[in-house]
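Me: I'm new to this one, so could you walk me through a few of its features?
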Amino acid sequence: MASPDALVRERTTQVLALLATVQQGIDAMLAGGTVPELLKAMQDPSEATRHHVHLTLQKVGELPEGISAMVNAGGTAMLVAVCKEQVSGDALLTLKACLKDPQGLSDALDSKAIAAMVAALSHSHQHVLQHALKNITFLTNPDAAKKEAIEEGAVVPVTKLLQHPEWPVRASAASALGSIALDIEGKRQAFEAGAAESLIALLRDKNLPVVLLSVRDRKSTRLN
C-alpha cells in the first residue's frame with residue numbers, strides 16, 4: 001500500500017478486500033498489523049483504492065477483535081477527519097463499526113463526529129444520508145450527546161429527511177429523530193419542523209421498517 005505506483009496500490013487493496021471475505025484472511029491481517037496501514041490508505045488519491053480499503057475495514061469491523069484493532073490504532077478519529085474532509089458512504093459505514101465499541105464511541109464524540117454527521121445531511125447521495133443518520137443514532141445514545149446534536153442543529157435536517165423519496169433514508173431519519181428528540185428542546189424543535197405531520201404520513205408508508213420507526217418516534221416527539 002506504500003508503493004509509489006497508483007495501480008500497484010489499487011491492486012494490493014483489491015486483493016486485501018478479497019482476503020477479508022474469509023476468516024483466515026482477516027485473522028492474517030490482524031496478526032500482521034495490517035489495520036494501521038489500511039487506515040493510512042484511506043487518504044489515497046485513488047477513489048478505487050479508497051473504496052477497496054473501506055471494504056476491507058468494514059469486513060474486519062464485523063469482528064469484535066477487528067473493531068478493537070481499528071479503535072486502538074486511532075481509527076475513529078481518523079475516520080471522523082475523513083468524513084469532515086470528503087464525506088462518503090464508504091467512510092461513514094466504516095466509522096459505524098468503530099461506534100459499536102465504547103472507546104470508539106467516546107473517541108468519536110471527542111472528535112466532534114456529531115457535527116460532521118450533521119454536515120453530511122446536506123449531501124445529495126442516498127448512501128451518505130442513510131449512513132450519516134445511522135451514525136447519529138449511534139452517537140446520540142448518551143444523554144449529553146443528544147443535547148450536543150440539538151445544539152449542532154441536527155433536528156431540522158433530520159426531520160426534513162423523513163420525507164426523502166428513498167425509504168431507507170426515511171427509516172434512518174425516523175430512527176435518528178427518535179434518538180435525539182427525547183428532551184423538551186428536542187421535541188419542540190421537531191414539532192416546529194413538522195415532525196408530527198411527517199410521522200403521521202409515514203404510518204401509511206408501504207415499507208414496514210419506516211412504519212415501525214415512525215410509531216416509536218411519534219411517542220418520543222410528543223410534547224409533555
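Me: Is K112 buried or exposed?
Reply: K112 is partly exposed, with a relative accessible area of 45%; buried means under 20%, exposed over 50% and partly exposed in between, using a 1.4 Å probe and protein chains only. This is a predicted model, in which local features need pLDDT of at least 70 and side-chain atom pairs count only at pLDDT 80 or more, while totals for chains, interfaces and linings use all residues. Residues are numbered from 1 along each chain as its sequence is written, and side-chain values use heavy atoms, leaving out hydrogens and water.

Me: Where does K112 sit?
Reply: K112 lies in the loop between α8 (102–110) and α9 (113–120), where helices are DSSP runs of H or I with at least four residues, numbered from the N terminus. Phi of K112 is near 65°, a positive value in a residue other than glycine. Most residues other than glycine have a negative phi.

Me: Switching topic, how do α1 and α4 lie relative to each other?
Reply: The axes of α1 (residues 6–19) and α4 come within 8 Å and cross at roughly 20°, the axes being lines fitted to C-alpha atoms over the stretch in contact, with angles running from 0 to 180 degrees between N-to-C directions. The two helices, α1 and α4, are therefore roughly parallel to each other, a term for angles under 35 degrees.

Note on methods:
Angles under 35 degrees count as roughly parallel, over 145 as roughly antiparallel, 65 to 115 as roughly perpendicular and the rest as oblique.
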